[in-house]
Each structure stands twice: as C-alpha cells, then as structure tokens.
Amino acid sequence: MKMNARATLGLTLALLLLCTGCNKLRARDQLNKGVQAYKMGKFENAIEHFKNAVAYDPNLGVARLYLATAYVGQYVPGVDTPENNHSAELAIEQYQDVLKGNPKRETRVNSLKGIASLYFNMKKFDLAKEYHRKVLELDPKDPTTYYSIGVVDWTQTYQPRQLLRTELGLKPDQPLDKAKDKTACTTLKDKDQPFVDEGIDMLQKSLDLRKDYDDAMAYLNLMYREKAELDCGDADARQADLKTADDWVEKTMATKRAKAEKQATPGGIVLQPEPGSKQ
C-alpha cells in the first residue's frame, strides 16, 4: 500500500512538473505572438496574447511589461475620455505588477518612467513627479529624469498663468503686475514660485550631467520667463530674468548648431600618402 501511495505521489509530481513546463512554453509562444501583433500595430490582439502569457506564467515579468506597453499603445495623450483613461490605468496597473515582482534595476527604472509618463499625460502632475523621484532613487545620475521633472514644473506654472492672463484681459507684452487686479500677481507667485524654483534647479542638474542637453536649455529659457512674470512690481528683477532667458535661447541655438555641424562632418575617410612618399 505504501509503495502504491509513493508511486501515485511520484506520478502526480511528475505530471505537475510536466504541466508547469508546458504552461511556460505556452506562455512564451503567446509572448512571441503578442510581440508580432504589436509590431504590426494590432494592439488589441497583442494585449490578448500578452494577457494569455501572464495567465500561463504569472512569473513571466516581461509579459506584464509588454502588456503595459501595449496598453500605452492604445492610450492617446490629451484625450480625456473614460475609455482612453482606462487604457492608461490598465497600463499603470501592469507596471505596478512588474514592480511587485522585484525585477532588475533597469526594468524597475523603465516601469517607473512608464508610470510617470502616463500620469503626466493624464495631467496628474504631482504623481508624475513622485514617480520620477522614485527613478532618481535608483539612478541619481539620469539627466533625462531631472529634465522631466523640470518640464512638469513648467507645465504646472505656464498653463494656469496663461489662463489667468486671459481672464484678466492682458495683452501679450503686458506684465502680470499691470493688471487691474493688483493682487493677481502676488497670489499667483505664492502658488507658482515653488514650481519655478524647483524647475530651474532640476533643469540645471540635468545640464550638470549632460553639458550639451539643448532641450534642458530650451526649458530653462521658458522657466526664466515664468520667473520674470512672478517678479511682481520689481522691474529690475524682471529685466534680469528676461535677459537670462534670452541667454539660454542663444545657448540652445549654439548647441543645436554645434550638434548639426558635428553630424554633417564625414568620418571614416582619410587621405592616404602616395606610395614612396615620406610621412
């Protein structure tokens, strides 16, 4: 009886292992089919294949990562509809599941960046910065993440300021402190100054890490223009900030020209000395 019980247990374990192995193979097959569908732009088909892969092998982290990517492919930034936002939320959910699996550092960074990007496009700016900061905890020398936080800060200042200017009926060349409502500028400054200060700091850090980061230079120009708008009643400070902004425009253009010239320079071909000539 004991021998029969042991044999039965052994057979059960063998079948279980065989079944597990088969499921892993099925998961890989579904993963590959999902990749093919995604490359063809068939996002709905890709999603179904990636979901099947996860079902067959819940520990296949790359399947969850690809599933999140496929959901992102269905999401249209700037379109605020329940269906569209649901695609973003599903992508975030998959990225979160990837992170729960304690993956390698690169996968964690990519998942965190994916979540931050989605929150930014959904206009959930504080959450976007929260996840960018999580990236910096893992990779404090990533210039693009400092840049991304700076862009979020600029967005948080520019959009409400433009809305306020429209409400106040200001002309494009009129400073905010010239509005009839004399409290408008100081009220906005109390709200936006922290974003401006952080944005300038983040963009400068990105440039410290990548000296020729022309996109960061361009946003420093924009940030100093936001700062100038908050120099309520201080004409000298406003002019100084606008001058700094103009300087960053010049630096941006010079850097772009230098990059273009470097790319246009042919390489790999050099003049060869004539046979028998002295070098």
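The residues that line the largest pocket divide into 6 nonpolar, 2 polar and 7 charged. That pocket is the opening stop of this tour of a predicted model.

**Stop 1: the largest pocket**

The volume of the largest pocket is about 240 Å³. Its lining has 15 residues, and those closest to the pocket centre are Arg161, Gln162, Pro172, Arg225 and Glu229. Select these five and show their side chains. Then colour three helices: α7 (143–168), α9 (214–229) and α10 (235–264), each of which supplies at least two residues of this lining.

Keep Arg225 on display and add arginine 238, since the two arginines are 13 residues apart in sequence, with their C-alpha atoms 8.7 Å apart in space. Arginine 238 belongs to helix α10. Is arginine 238 buried or exposed? Its relative accessible area is 17%, and because buried means under 20%, arginine 238 counts as buried.

**Stop 2: the whole chain**

Zoom out and switch to a cartoon view. The protein chain has 10 helices and 0 strands, so read from the N terminus every element is an α. Of the 279 residues in the chain, 36% are buried.

Next, colour by pLDDT. The chain has a mean pLDDT of 88, and 87% of its residues reach 70 or more. Which elements have the lowest and the highest mean pLDDT? Helix α1 (residues 2–39) has the lowest, at 69, and helix α6 (residues 125–138) has the highest, at 98. Where pLDDT is low, the predicted coordinates should not be read in detail.

**Stop 3: cysteine 22 in α1**

Select cysteine 22, which is in helix α1. Its relative accessibility is 29%, so it counts as partly exposed, the class between 20% and 50%. Now add tyrosine 56: cysteine 22 and tyrosine 56 are 34 residues apart in sequence, while their C-alpha atoms are 9.0 Å apart in space.

**Stop 4: the second largest pocket**

Move to the second largest pocket, with a volume of about 200 Å³. To see its lining, select Pro58, Asn59, Gly61, Val62, Arg64, Leu65, Asp97, Val98, Gly101, Pro103, Lys104 and Thr107. By class, this lining has 5 nonpolar, 4 polar and 3 charged residues. Two helices, α3 (61–74) and α4 (82–100), each supply at least two of the lining residues. Which helix gives the largest share? Helix α3 does, with 4 residues.

**Stop 5: leucine 67 and glutamate 89**

Stay with α3 and select leucine 67, which lies in that helix. Leucine 67 has a relative accessible area of 3%, and because that is under 20%, leucine 67 is buried. Draw a distance from its C-alpha to that of tyrosine 95: the two residues are 28 apart along the chain, and the C-alpha separation is 8.8 Å.

Then go to glutamate 89, in helix α4. Its relative accessible area is 39%, so glutamate 89 is partly exposed. Leucine 118 is 29 residues away in sequence, and the C-alpha atoms of glutamate 89 and leucine 118 are 8.5 Å apart.

**Stop 6: two loops with positive phi**

Most residues other than glycine have a negative phi. The next two selections have positive values.

Select asparagine 102, in the loop between α4 and α5 (105–121). Its phi is near 50°. Is asparagine 102 buried or exposed? At 61% relative accessibility, over the 50% cut-off, it counts as exposed.

Follow the chain to lysine 123, in the loop between α5 and α6. The phi of lysine 123 is near 65°, again a positive value in a residue other than glycine.

**Stop 7: helix α8**

Finish at helix α8, residues 184–209. How far apart should its ends be? A helix of 26 residues should span 38 Å at 1.5 Å a residue, and the end C-alpha atoms of α8 are 37 Å apart, so the two values agree.

Now look along the helix for a bend. A kink of about 50° lies at aspartate 192, shortly before proline 194. Show both residues as sticks to place the kink on the cartoon.

Notes: Residues numbered from 1 in each chain as written. Predicted model: local features only at pLDDT ≥ 70, side-chain atom pairs only at ≥ 80, totals over all residues. Heavy atoms only, no water. Expected span 1.5 Å × (residues − 1). Bend = angle between axes of the 7 residues up to and from the residue. 1 Å grid on protein atoms, 1.4 Å probe; cavity = no way out; pocket = protein on both sides within 12 Å on 5 of 7 lines; lining within 4 Å. Points joined across faces, edges and corners; volume = space filled by probe spheres on them. Nonpolar A, V, L, I, M, F, W, Y, C, P; charged D, E, K, R; others polar. pLDDT = per-residue confidence, 0-100. Buried < 20%, exposed > 50% of the residue type's maximum accessible area, 1.4 Å probe, protein only.
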